[in-house]
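User: I have a model open on my screen and would like to know what stands behind the labels people put on it. Could you take me through the reasoning?

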Amino acid sequence: MSDPHDADAIRAALAEIASLLAPARPAVSEEVLSAHDRPHDYVSAFGDRLEGRGVDEPVDNLAWIALIDALAAHGLLAEFDWKEDAREIRAQLRKLESRPSVDPWVLFEAEETLLPTEQFLHACGRRYREIGAALAVLDIESDCYPVVGLRAARADELTALAARAGFPVQHLGADRRSR
């Protein structure tokens with residue numbers, strides 16, 4: 001049996017992550033905490049959504065999946081296939097509620113749009129950082145990239161909170177020495 005203090009720390013970190021990534025959307029936090037606190041009820045309530053992920057019963061990363069799905073439902077996360085086209089990535093990133101007010105696309109060079117998905121996402125991350133924004137992958141150990149946008153100044157905060165909750169985050173385009 002896990003230590004209840006650990007469960008409380010994980011719960012608190014998940015709530016802080018939801019607040020950081022969806023500050024004006026309390027429903028995101030409610031879904032994440034529901035998945036953490038009552039996983040069977042969450043699976044029953046969101047079975048249709050989870051079916052696409054092959055989840056039909058509680059799993060260890062259910063609260064993390066709930067975060068990703070809730071952020072996507074609120075226009076705060078874009079999920080890309082491992083072989084996504086650069087035009088589709090650009091279109092989805094532009095639709096994010098969390099997109100930066102300055103358009104980073106004017107900084108892109110034509111040849112960058114020809115890069116494979118992962119390399120293009122890192123190029124996007126570098127361009128976003130140039131204007132004070134950041135892109136992060138909320139990793140679910142799958143062949144997809146669930147990507148969120150946030151202020152670059154808060155990227156380390158996201159990493160620390162995710163580590164406290166026990167989930168991996170990858171910052172796109174970040175200098176590896178700063179991770």
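Analyst: Happy to help; below we go label by label, setting each value against its cut-off. Please keep in mind that this is a predicted model.

User: Let's begin with the sheet. What makes S1 and S4 edge strands?

Analyst: The sheet is open and has four strands in the order S1-S3-S2-S4, paired antiparallel. Strand S1 (77-81) and strand S4 (169-171) each have a single partner strand, so one side of each is left without a neighbour in the sheet. On average, neighbouring strands are turned by 35° against each other, direction ignored.

User: How do you know that S2 and S4 are paired?

Analyst: Pairing calls for at least two bridges between two strands. Strand S2 (residues 133-138) and S4 have three, in the antiparallel sense, so by that cut-off they pair. You can find Val137 opposite Gln170 in S4, while Leu138 has Val169 as its bridge partner there.

User: And what joins S2 to S3?

Analyst: Five bridges do, and these two strands run antiparallel. One place to look is Ala134, which stands opposite Leu150 in S3. The hairpin of S2 and S3 has five residues between the strands, and Glu141 takes a positive phi near 50° in it.

User: Why is S2 called mostly covered?

Analyst: A residue counts as buried under 20% relative accessible area, and six of the six residues in S2 are buried. Ala133, Leu135 and Val137 point one way from the strand, Ala134, Ala136 and Leu138 point the other way, and all are buried. Helix H8 (residues 155-165) lies across S2, strand S3 (144-151) and S4, and runs at about 160° to S4.

User: I always check for cysteines. How do you know that there are zero disulfides?

Analyst: A disulfide needs two cysteine sulfur atoms within 2.5 Å. For Cys124 the closest cysteine sulfur is in Cys144, 16 Å away, which is too far for a bond. Starting from Cys144, the closest cysteine sulfur is the one in Cys124, again at 16 Å and too far. The structure therefore holds zero disulfides.

User: Are those cysteines buried or exposed?

Analyst: Both sit under the 20% cut-off for buried: Cys124 has 0% relative accessibility and counts as buried, and Cys144 at 12% counts as buried too.

User: Why is the pair of Trp64 and Phe167 called stacked?

Analyst: Two values decide that. Ring centres must lie within 6.5 Å to pair, and planes under 30 degrees apart count as stacked. Here the centres are 4.7 Å apart and the planes stand at 10°, so the pair of Trp64 and Phe167 is stacked. This pair links distant parts of the chain: Trp64 belongs to helix H5 (residues 62-73) and Phe167 to the loop between H8 and S4, 103 residues apart. Trp64 and Phe167 are both buried. In total, the count comes to two aromatic pairs.

User: Now the charges. What makes Glu16 and Arg164 a salt bridge?

Analyst: The cut-off is 4 Å between a side-chain nitrogen and a carboxyl oxygen, and the closest N and O atoms of Glu16 and Arg164 are 3.0 Å apart. Glu16 lies in helix H1 (residues 4-21) and Arg164 in helix H8, so the pair ties together parts 148 residues apart in sequence. A residue between 20% and 50% is called partly exposed, and that fits Glu16 at 36% as well as Arg164 at 46%.

User: How do you know that Glu97 and Arg25 qualify?

Analyst: Their N to O distance is 3.8 Å, which is within the 4 Å cut-off. Glu97 is in the loop between helix H6 (86-95) and helix H7 (117-130), and Arg25 is in the loop between H1 and helix H2 (26-37), so parts 72 residues apart in sequence are tied together. Glu97, at 49%, is partly exposed, and so is Arg25 at 26%.

User: What about Arg49 and Glu31?

Analyst: Their side chains meet in a salt bridge at 2.7 Å, N to O. Arg49 lies in helix H4 (residues 47-51) and Glu31 in helix H2, so this pair ties together parts 18 residues apart in sequence. Arg49 is partly exposed at 27%, whereas Glu31 is buried at 13%. Salt bridges that share partners also join Arg53, Asp69 and Glu79 into one network. Across the whole structure, the search finds 11 salt bridges.

Terms used: Residues numbered from 1 in each chain as written. Predicted model: local features only at pLDDT ≥ 70, side-chain atom pairs only at ≥ 80, totals over all residues. Heavy atoms only, no water. Axes fitted to C-alpha atoms, helices over the stretch in contact; angles between N-to-C directions. Contact = heavy atoms within 4.5 Å. Buried < 20%, exposed > 50% of the residue type's maximum accessible area, 1.4 Å probe, protein only. Phe/Tyr/Trp six-rings, centres within 6.5 Å; stacked < 30°, edge-to-face > 60°.
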